[in-house]
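Please open the model in a viewer and keep the selection tool at hand. The tour below proceeds stop by stop, stating what to select and what is found there.

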Amino acid sequence: MPLIRSQLPVLALCAGVGAVGVLGLAPARDTPPGPADPLIAELEDRYRVEVEPLLARYCVFCHGEDEANGGVRFDRIGSLDDALAMGDTLAMALELVRTHQMPPDGPPPPSPGEVEVLTGWMRDALDYVPADGWVDPGWFIIHRLNRSEYRNTLRDLLGIDPRAHDVAAGLPQDDTGYGFDNIAAVLSMSPLQLEGYLDAAERALEIALGPAVVESDSARPIGNLVREAHGRELASGGHMLLSNGVVRAELDVPVTGEYELVITAWGDHGGDEYPRMSVRVDRREARAFFIEALRDAPETVRLRVRLEQGRRQIAAVYTNDYWDPGVADRNLAVERIELAGPLPGTAERPAAHARVLFAQPGDDSIGAGRTAAEAVLGRFAGRAFRGPVDDAEIGRLLDLYEAARAEGDTHEEAVRLGLMAVLVSPRFLFRSVDNPHADDPGRVHTLDGYELASRLSYFLWSSMPDDELLALAADGSLVDEGVLRAQVRRMLGDPRSDAFIENFAGQWLHLRNLERLAIDRELFPAYTSELRDAMITEATMFFGDVVRHDRSVLTLIDSDYTFVNGPLAALYGFAELASQDKAFRRVSLPEGSPRGGVLTMGAVLTVTSNPSRTSPVKRGLYVLEQILGTPPPPPPPEIPPLEQAAVPDLDHATLRERLKAHLTDPGCASCHNRMDPLGLAMENFDAIGAWRDADEYGPIDASGTLPGGVRFTGPAELKEILLGRDDLFVENLTRKLMTYALGRGLEPFDRPTVTRVVRHARAQDDRITAIIEGIVLSDAFRTTRGIETPGGERRGIRTGASR
């Protein structure tokens with residue numbers, strides 16, 4: 001067994017060669033370039049006649065061949081493809097021009113009419129969707145299960161509760177990309193990690209199936225008998241007790257069940273009783289015997305006992321010592337203690353044991369065992385691999401079985417080796433698609449039912465497909481749009497969608513970062529681990545409520561309700577609810593409450609603070625990045641921290657004064673003019689989210705002015721401004737959800753897909769299910785193409801034509 005186990009990583013990887021493709025799917029259709037789209041010609045004509053002269057006049061001086069500030073150039077746009085290839089850069093340019101942040105101060109700015117021409121064309125270009133309906137779906141990279149997906153998959157495959165047994169605890173932490181830990185490009189696999197997965201698989205099978213124990217009524221000696229009394233050791237390894245005492249042994253019971261204790265004993269007679277032997281299990285008497293036998297003919301006593309799995313003590317206790325000097329001396333000798341079991345039909349196995357090992361051989365021959373092993377391994381591999389298994393794959397697993405049997409393993413031990421090989425196979429650890437044209441970016445292929453089932457289940461459940469999804473995959477109906485819509489709604493209503501709610505919200509809203517944030521508890525004694533967990537629970541429950549009740553995603557910006565328990569209610573000043581009660585309840589917010597929506601929740605306000613104070617910069621950046629999707633560029637490396645800003649009388653400067661001094665550098669001002677007012681609007685909330693009207697410097701000033709002259713004060717007016725730009729929020733949330741669903745970062749060619757999904761959602765009152773359905777029904781989710789190779793062709797953004 002050890003030799004075979006040591007070869008498992010190599011065998012498992014070899015078993016996957018040829019069975020796992022890196023990219024793509026079953027062939028479906030090729031998409032030739034569609035007919036000329038008149039909208040393209042109209043946009044390009046507008047660009048040449050109206051837009052290009054304005055870019056040359058106002059933009060190319062700083063963003064051209066001679067000087068490309070921020071690495072951005074506007075002198076290279078020659079077609080709609082070129083504009084769309086700029087992706088987020090063009091979207092950011094639109095926002096900056098719209099809010100009059102660009103062009104910067106200097107020459108005469110563009111007139112309002114010119115601004116409308118520029119922004120109108122940029123908006124129309126970014127909103128372009130090909131008239132023929134086809135958009136570039138992008139590629140699929142082989143995708144290792146992350147730790148959360150691994151735990152949940154073992155839960156659904158083997159019935160292991162991850163809250164009780166974290167089988168992934170020994171695996172390395174997953175890297176993140178584009179804000180999420182399910183991005184295929186960063187989920188690598190090293191030989192050391194594979195060894196960790198092998199250990200995790202062995203542990204998972206032990207937890208799910210219990211130990212590999214053969215039921216038997218043959219007794220086996222329990223060694224290492226220990227005497228606790230005056231006496232002597234016998235040649236048999238047993239002990240003679242010359243006074244009241246104990247002969248005991250400790251053993252590990254592999255599985256709960258019925259066992260038979262077999263004790264061989266004899267005695268020296270004396271007085272009016274035979275030696276009394278009390279048989280005890282974990283110091284409790286199971287039965288007592290009077291031993292009549294003498295040294296020449298020891299007797300064997302048997303008793304059936306129920307033993308619980310784990311470390312147990314078995315003892316033979318001498319209880320009636322008798323000694324009359326020179327007349328009689330009663331003693332007890334315990335030659336040996338044996339144990340049989342678990343007796344046939346009595347072992348209490350976990351529920352998964354019968355479900356997984358459902359076929360048992362009729363006898364102990366290898367031939368009979370192979371037939372049973374083939375049935376067990378075939379069904380298990382089909383579920384674990386989330387699709388059909390071919391004869392060659394089953395043959396490799398049976399070769400492992402027979403090699404283990406040849407080395408002396410029992411049938412169950414050999415089958416478990418095959419199960420372990422399944423759990424370290426690339427087909428289990430990775431999600432993939434079988435694309436016969438993986439290296440051809442000019443070919444588009446549609447996911448088959450099984451691949452679509454896996455993509456859908458890992459999006460909404462972070463786990464494997466259930467039987468219903470696999471059945472729909474098998475009969476081919478899952479690819480139907482109506483069936484897909486119904487499955488999305490079913491899956492979001494299933495408790496397994498908690499994984500989507502926790503994983504997506506935890507990363508999008510940065511809730512996971514709270515556990516790494518060391519808030520100064522001397523300054524904020526109310527901030528306990530219980531309060532921190534309550535903050536995370538509130539935000540998670542709130543996002544879950546939006547999902548489960550299919551609410552508008554704008555509820556995430558502002559709402560008239562939230563979820564609190566006693567400690568969180570105390571932090572929020574809800575006096576009537578403040579208590580030590582840890583149970584959460586939905587509460588309606590009173591009119592005029594500053595709460596409502598994720599931005600005013602304790603979790604978000606705390607995670608955007610520093611350990612000892614608030615951070616308007618972090619809070620403003622959070623709004624731009626996580627809510628609006630318009631992040632600023634990284635700050636220049638030479639910019640000093642806020643604490644080092646050149647402020648007269650530094651010790652008495654307010655945070656607003658420090659921020660103002662930090663803006664003396666024009667390189668800072670262009671970004672901080674957008675960030676700081678957003679963060680200062682939430683300055684009434686302290687570093688852990690409690691409301692305050694003043695700080696140590698005096699009354700809080702929560703007013704601000706955004707570029708373009710938009711003035712506002714406090715969180716309520718900030719939320720009004722954000723709702724006024726709800727188009728940005730819906731698009732940003734769609735992009736975040738799409739990144740999470742696809743497991744890759746979005747590219748410029750994904751913009752038409754995003755636009756379609758956003759339009760679909762906006763037409764349905766911005767309901768979150770409309771966004772999720774739109775993503776699932778998109779070509780990006782249901783199809784794939786080959787990936788570009790160095791020096792090879794690149795897919796056109798607008799028509800699909802190679803160039």
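In which helix is Arg455 found? Select residues 449-460: this is helix H13, and Arg455 is found in it. The model is a predicted one, and the stops that follow should be read accordingly.

**Stop 1: Arg455 and its surroundings**

Keep Arg455 selected and display its side chain. Arg455 is buried, yet it has no salt bridge. The nearest side chain of opposite charge belongs to Asp750, which is 9.1 Å away. Next, display the contacts of Arg455, leaving aside neighbours within four places in sequence: they are Phe140, Arg431, Leu447, Ala741, Leu742, Ala780, Phe781 and Thr783.

**Stop 2: the largest cavity**

Arg455 also leads to an internal space, since it is one of the residues that line the largest cavity. To see the rest of the lining, add Trp139, Phe140, Ile141, His143, Ala184, Ala185, Leu742, Gly743 and Arg744 to the selection. Phe140 and Leu742 are thus both contacts of Arg455 and lining residues of this cavity. The volume of the largest cavity is about 70 Å³. A search of the whole structure finds four cavities of 30 Å³ or more.

**Stop 3: the nonpolar cores**

Now select Phe500, Phe543, Leu556 and Ile627. These residues have the most contacts inside the largest nonpolar core, which has 104 residues. In soluble globular proteins, nonpolar side chains tend to be buried together.

Centre the view on Ile627. Beyond its neighbours within four places in sequence, Ile627 is in contact with Trp508, Ile557, Val598, Leu599, Tyr622, Leu722, Leu728, Phe729 and Asn732. Apart from the largest core lies another core, of 50 residues; Tyr150, Ile160, Val422 and Tyr458 are among them.

**Stop 4: Trp121**

Select residues 112-126, which form helix H5, and find Trp121 in it. Is Trp121 buried or exposed? Trp121 is buried, because its relative accessible area is 3%, under the 20% limit that defines a buried residue. Leaving aside neighbours within four places in sequence, Trp121 is in contact with Leu43, Arg46, Tyr47, Val51 and Ala83. Add Leu94 to the view: Trp121 and Leu94 are 27 residues apart in sequence, and their C-alpha atoms are 9.2 Å apart in space.

**Stop 5: salt bridges**

How many salt bridges does the structure hold? There are 48 salt bridges, and the following selections show some of them.

- Select Arg532 and Asp533: they form a salt bridge, with the closest N and O atoms 3.2 Å apart. Arg532 is buried at 18% relative accessible area, whereas Asp533 is partly exposed at 36% relative accessibility.
- Select Asp581 and Arg585: their side chains meet in a salt bridge of 3.0 Å, N to O. Asp581 is partly exposed, with a relative accessibility of 35%, and Arg585 is partly exposed at 31%.
- Select Arg692 and Glu683: the salt bridge between their side chains is 2.9 Å, N to O, and both residues are buried.
- Select Asp466, Glu468, Arg490, Asp494 and Arg496: salt bridges that share partners join these residues into one network.

**Last stop: the whole chain**

Finally, clear the selection and view the entire protein chain, which has 27 helices and 23 strands. Of its 803 residues, 54% are buried. Among contacts with a separation of 6 or more, 73% are between residues 24 or more positions apart.

Key: Residues numbered from 1 in each chain as written. Predicted model: local features only at pLDDT ≥ 70, side-chain atom pairs only at ≥ 80, totals over all residues. Heavy atoms only, no water. Helix = DSSP H or I, 4+ residues; strand = E, 2+ residues; numbered from the N terminus. Buried < 20%, exposed > 50% of the residue type's maximum accessible area, 1.4 Å probe, protein only. Lys, Arg positive; Asp, Glu negative; His and termini not counted. Salt bridge = Lys/Arg side-chain N within 4 Å of Asp/Glu carboxyl O. Contact = heavy atoms within 4.5 Å. Core = buried A, V, L, I, M, F, W, Y, C linked by side-chain atoms within 4.5 Å. 1 Å grid on protein atoms, 1.4 Å probe; cavity = no way out; pocket = protein on both sides within 12 Å on 5 of 7 lines; lining within 4 Å. Points joined across faces, edges and corners; volume = space filled by probe spheres on them.
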